Amino acid sequence: MPWLILFVSAVLEAVWATALGASDGFSRPVASVVFFVALILSMIGLSRAAKHIPIGVAYAVWTGTGAALTVAWAMATGGEAASALKVLFLIGIIGCIAGLKLSKPGPTGGGSRPGDAEDRSNGVTAPNGTP
């Protein structure tokens, strides 16, 4: 479920980036509202996903997916010229994102961060209640 939330959040990142461009400096109310709503929802999704996915991976997947979708949308709608090199590099971004998803957690055991696990020396339990 965290990966699905992260993907939806990345789609919302592409939405707010596109809406930002369409807002014309926040002078267009509908595009401006879409920007702010998508931005807030995207950030909430990223923060929720980062509870279960290491932040470095979550952020890289979020920004990479959002950037790739934003460029792909702009090319598909004629807002940006398409080229073979752009498509090749977008495929590269998508390949890197897939690689991050498929990679195994590092020596820290995945999503753990300092302070998340029990301090073995004094028996203190993490604030989130995990022993």
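Tutor: Before we start, one term: a nonpolar core is a set of buried Ala, Val, Leu, Ile, Met, Phe, Trp, Tyr and Cys residues joined through side-chain atoms within 4.5 Å. Keep in mind too that this is a predicted model.

Student: Okay, so how many residues does the largest nonpolar core have here?

Tutor: That core has 13 residues. Leu6, Trp16, Leu46, Ile53, Ala58 and Trp62 have the most contacts inside it.

Student: And which elements give two or more residues to this core?

Tutor: Those are helix H1 (2-22), H2 and helix H3 (55-76).

Student: Let's pick one residue. Where is alanine 58 found?

Tutor: Alanine 58 sits in helix H3.

Student: Does it count as buried or exposed, and why?

Tutor: Alanine 58 counts as buried because its relative accessibility is 0%, and the cut-off for buried is under 20%.

Student: What is alanine 58 in contact with, leaving aside neighbours within four places in sequence?

Tutor: Its contacts are Leu6, Leu46, Ala50 and Ile53. Also, the C-alpha atoms of alanine 58 and tryptophan 3 are 8.6 Å apart, while 55 residues separate the two along the chain.

Student: What about tryptophan 16, what does that touch?

Tutor: Not counting residues up to four places away in sequence, tryptophan 16 touches Phe35, Ala38, Leu39, Ser42 and Trp62.

Student: New topic: what pLDDT does the protein average?

Tutor: The average is 85, and 79% of the residues score at least 70.

Student: Where is the pLDDT below 50?

Tutor: Over residues 114-125. Beyond near neighbours in sequence, that stretch has 14 contacts in the model.

Student: Which helix has the highest mean pLDDT, and which the lowest?

Tutor: Among the elements, helix H2 (residues 29-49) has the highest at 97, and helix H4 (residues 84-102) the lowest at 92.

Note on methods. Residues numbered from 1 in each chain as written. Predicted model: local features only at pLDDT ≥ 70, side-chain atom pairs only at ≥ 80, totals over all residues. Heavy atoms only, no water. pLDDT = per-residue confidence, 0-100. Helix = DSSP H or I, 4+ residues; strand = E, 2+ residues; numbered from the N terminus. Contact = heavy atoms within 4.5 Å. Buried < 20%, exposed > 50% of the residue type's maximum accessible area, 1.4 Å probe, protein only.
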